[in-house]
Structures are given as structure tokens and as C-alpha cells.
Amino acid sequence: GINAEYGGPNTLSGMVVGELFRASCMVLALVAQVPQILRIVKGWSVAGLSFNAYIFDLCSLTIKILYNYRQGYDFLSYSPSVIYVIQGYAIIFLLLWLDRSNRTLTKLGLVGAVASCLFLLNSESPSIDTLTTLMKCALLFSLANKASHIHSITRCKEKPAVDAAQWIIYTYISMVGLYTAVWEQRDSVLASQHLLTSSLNILIFTLLQRKRATITANEDKTK
């Protein structure tokens, strides 16, 4: 049951606790991908990072932001998504900068096409019904994003240049989002998004740790 002193999410104390959780999510989101960016810059390596994953994430996050905004939800509840988009563009730039393959121009064109589509989506001010439909697509984008991350990590032959701490932060923020969607917003669409994201974030963190442990063990054997 709910602690009597806490009183539940719809009481004053419950709302204050919810606001504190969401404020902590915004602060954590500000630093979530900074270690990842610094790791890339310091090592000039993008091993284990997936360009496609960030493109899928950009699409999914933009739809979520529009949905939350049109529903009139508190900005704190979706502020991490806004921050992720900004940081995501920074990482995409680094991925393009360090990409030594001949597919750089193709990827740059893809980024431009996605950015143009998202700009048009913003300018059209879609209805709630349209955004609800798009949120189902966002769920698929989220799934594709996580699948791309998993694929890149598992096929990486060297230690992944993927920061592990960010996945713990992502999981915490997603779980707070799940709490908000279920208890305060009563929004099953957002709840399903956060539930899927939380589960897959934990899976990716586990895979990342195991990958690093395996590579470290193999390096020790060859010494």
C-alpha cells in the first residue's frame, strides 16, 4: 500500500515528490551524454556507437516532445527528451566527423532529410489524434534505436567507446517517466514507451559490461 505519510501522487506531498524526481531527471539529462562526448573526443574513437541508433532516437524523441507539448504536460516531465535531442545532434556530428568510410555524404544527407521532416512536423502543429498515431511509430523508432545499439556493441571487436554510466541515468529517467505517466498523467501511450525504454536500457548496460569484461579477459590471456 501507499505510505500514509507520503499520501500518494495526487496529494500535495505526492506532487512535491514527483516534481523533485522530475527536476533530478532534468539535471541528470544535462550531464547524461557529456561523458560519452568527452570519451569520443579524448579517444577519437566511435567503436561500438551506432549512427542509425541516434537517427532513430532523434525521430522518436521529437515525436515525444511534440506529443507532450500538445497534451499540455509539465515541461519538466519531458525536458530530458529536449536535452537528449541537443546532445544527440552533437554526437551525430562527431560520428560524421570521425567516419572514415565513403558513406559520410550519404549519412549527412540522411541527417538533413530527417531534420527537414522534423521541422515540417513542428510547423504543421499536428492534432492530438495524429500525434497519438505517430507515438506508435515512435515506439518502433525506440525499438530500432535500442536494437541498433545492441547490434553495434555485440559486433564490436575492441572495447566499445560507449559510456556505461549514461545507461544507468537513462534507466532512472525512464522509470521516473513511467511513474509520472501511470500515476499522474494516466497516459498509457507514454507509459508503454517508458516501460520499453527502461527494460532495454538495463539490457544494453548489461551487454556493455559483459562485452568489456570478455575483451579484458581475452587481452589478459594474450599477455
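Axes are lines fitted to C-alpha atoms, for helices over the stretch in contact, and angles run from 0 to 180 degrees between N-to-C directions. The structure is a predicted model, in which local features need pLDDT of at least 70 and side-chain atom pairs count only at pLDDT 80 or more, while totals for chains, interfaces and linings use all residues. Residues are numbered from 1 along each chain as its sequence is written, and side-chain values use heavy atoms, with hydrogens and water left out.

**Exercise 1. State the secondary structure content of the protein.**

Solution.
- Step 1: helices (H or I, at least four residues) and strands (E, at least two) are taken as DSSP runs, numbered from the N terminus.
- Step 2: the protein has eight helices and zero strands.
- Step 3: along the sequence this reads α-α-α-α-α-α-α-α.
- Step 4: 43% of the 223 residues count as buried (under 20% relative accessible area; exposed is over 50%, partly exposed in between; 1.4 Å probe, protein chains only).
- Step 5: for contacts (heavy atoms within 4.5 Å) between residues at least 6 apart in sequence, 82% join residues at least 24 apart.

**Exercise 2. Describe how H2 packs on H4.**

Solution.
- Step 1: two packed helices are described by the angle between their axes and the distance between the axes.
- Step 2: for H2 (residues 34-43) and H4, the axes come within 10 Å and cross at roughly 15°.
- Step 3: angles under 35 degrees count as roughly parallel, over 145 as roughly antiparallel, 65 to 115 as roughly perpendicular and the rest as oblique. H2 and H4 are therefore roughly parallel to each other.
- Step 4: the crossing of H2 and H4 is left-handed (the near helix is turned anticlockwise from the far one by less than a right angle; clockwise would be right-handed).
- Step 5: H2 contributes Val34, Gln36, Ile37, Ile40 and Val41, which meet Gln87, Ala90, Ile91, Leu94 and Leu98 of H4.
- Step 6: the residues of this contact divide into eight nonpolar, two polar and no charged. Here Ala, Val, Leu, Ile, Met, Phe, Trp, Tyr, Cys and Pro count as nonpolar, Asp, Glu, Lys and Arg as charged, and the others, Gly among them, as polar.

**Exercise 3. Repeat the description for H3 and H4.**

Solution.
- Step 1: H3 and H4 (residues 75-98) pack at an angle of about 155°, with axes 9 Å apart.
- Step 2: H3 and H4 are therefore roughly antiparallel to each other.
- Step 3: H3 passes H4 in a left-handed crossing.
- Step 4: the residues in contact include Phe51, Tyr54, Ile55 and Leu58 of H3, and Ser77, Tyr78, Ser81 and Val82 of H4.
- Step 5: the contact of H3 with H4 divides into 16 nonpolar, four polar and no charged residues.

**Exercise 4. Place tyrosine 67 and valine 189, and list what each one contacts.**

Solution.
- Step 1: tyrosine 67 lies in H3 (residues 51-71), and at 2% relative accessibility tyrosine 67 counts as buried.
- Step 2: leaving aside neighbours within four places in sequence, tyrosine 67 is in contact with Tyr73, Leu131, Thr132, Met135, Asp187, Val189 and Leu190.
- Step 3: the C-alpha atoms of tyrosine 67 and methionine 135 are separated by 7.5 Å, although the two are 68 residues apart along the chain.
- Step 4: valine 189 lies in H8 (residues 188-222) and is partly exposed, at 22% relative accessibility.
- Step 5: not counting residues up to four places away in sequence, valine 189 touches Tyr67, Thr132 and Met135.
- Step 6: the C-alpha atoms of valine 189 and threonine 133, 56 residues apart along the chain, are separated by 9.9 Å.

**Exercise 5. Which loop holds arginine 186, and what is its phi?**

Solution.
- Step 1: arginine 186 is found in the loop between H7 and H8.
- Step 2: most residues other than glycine have a negative phi, and most peptide bonds are trans.
- Step 3: phi of arginine 186 is near 55°, a positive value in a residue other than glycine.
- Step 4: arginine 186 is exposed, with a relative accessible area of 55%.
- Step 5: threonine 180, in H7 (residues 165-184), has arginine 186 among its contacts and is buried, with a relative accessible area of 4%.

**Exercise 6. How many disulfides are counted?**

Solution.
- Step 1: a disulfide is taken as a pair of cysteine sulfur atoms within 2.5 Å.
- Step 2: by this rule the count comes to zero disulfides.
- Step 3: cysteine 137 is partly exposed, at 34% relative accessible area, whereas cysteine 156 is buried, at 9%.
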